[in-house]
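The following exchange introduces a protein model through questions about the terms used to describe it. Please keep the structure in view while reading.

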Amino acid sequence: MTETPPAATPPASATGPAAGPATTPAATPAGGPVVETLFATRIYRAELAEALALNPELAASCRSAAEDDGAGQDWSARNLYPGYTSYASVDDLPWRYPAVKTLKGLIDRHVKAFAKLQDWDLGDRKLVLDNLWINILDPGGFHGSHIHPNSVVSGTYYVEIPPGASALRLEDPRLGLMMAAPPRKRKAARETQPFVALEPKPGTLLLWESWLRHEVVMNAAESERISISFNYAWR
Ligand SMILES: [Fe+2]
């Protein structure tokens with residue numbers, strides 16, 4: 001299987017109707033009100049067929065890393081991580097495991113596509129992988145709400161997502177400013193909800209800006225949920 005390369009130009013549905021420089025929205029034919037959606041928070045999702053084919057090898061690499069990484073096991077236990085994470089203990093996974101190296105190459109391309117979608121002017125610097133780590137979340141485990149400081153783009157690639165495995169729950173970044181904002185109706189449009197849960201599948205890649213607060217809700221699956229997370233910095 002081959003992976004569909006990241007789109008050079010984002011689809012119209014992702015960019016809104018007006019690509020290019022700022023525009024003033026046209027009035028409706030009846031002269032009614034015009035409503036713009038501004039200050040977009042982009043969540044980038046791609047299903048990586050090429051990486052999906054590597055998932056058995058990636059899962060074996062993750063489990064092997066977990067077995068060998070006593071420091072990571074200790075860190076996970078001390079920090080009450082329900083399972084194993086290499087976050088604080090291993091910084092060279094792409095060089096240790098060929099499948100992770102291949103995955104890194106795929107993620108690099110998608111991060112580049114995301115930066116283009118965002119219209120970022122990176123000047124003579126680039127977005128480069130800063131760190132990449134394994135998460136093996138036990139049944140019943142969760143990872144509380146957090147952001148990824150000192151990074152520009154963060155994301156996760158999903159290796160094993162058994163039925164009932166945790167979603168990724170995103171929080172409206174303006175939540176702390178909503179002093180008297182009414183709650184949203186249950187059936188409110190997704191773009192106006194204060195929290196949105198994304199349900200990944202094996203092979204899913206999600207990217208977001210690192211300041212976006214997110215959490216991994218409880219893993220209701222009967223087996224481990226395995227993912228690989230990463231941060232890209234602007235250097
Ligand atoms: Fe995170």
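Q: What makes β6 and strand β7 a pair, and in which sense do they run?
A: In this predicted model, β6 and β7 (residues 195–198) share four bridges in the antiparallel sense. Two strands pair if there are at least two bridges between them, so the term applies here. Within this pairing, Leu 168 stands opposite Leu 198 of β7.

Q: What makes β6 and strand β9 a pair?
A: Three bridges join β6 to β9 (residues 214–216), again in the antiparallel sense. The requirement is at least two bridges, and therefore this is also a pair. Glu 215 in β9 is the bridge partner of Arg 169.

Q: Which side chains of β6 are buried, and which are not?
A: Along residues 168–171 the side chains alternate. Leu 168 and Leu 170 point to one face and are buried, whereas Arg 169 and Glu 171 point to the other and are not. To be called buried, a residue needs 20 or more other C-beta atoms within 10 Å of its own.

Q: How does the span of helix α2 compare with the expected value?
A: Helix α2 (residues 49–68) has 20 residues and reaches 29 Å from its first C-alpha to its last, close to the expected 28 Å. A kink of about 55 degrees lies at Asn 55, shortly before Pro 56. Asn 55 is also among the buried residues of α2, which include Leu 58 and Cys 62.

Q: Why should residues 8–20 be read with caution?
A: Over residues 8–20 pLDDT stays under 50. Where pLDDT is low, the predicted coordinates should not be read in detail. The mean pLDDT of the protein is 90.

Terms used:
Residues numbered from 1 in each chain as written. Predicted model: local features only at pLDDT ≥ 70, side-chain atom pairs only at ≥ 80, totals over all residues. Buried ≥ 20, exposed ≤ 12 C-beta atoms within 10 Å, placed from the backbone. Helix = DSSP H or I, 4+ residues; strand = E, 2+ residues; numbered from the N terminus. pLDDT = per-residue confidence, 0-100. Contact = placed C-beta atoms within 7 Å. Expected span 1.5 Å × (residues − 1). Bend = angle between axes of the 7 residues up to and from the residue.
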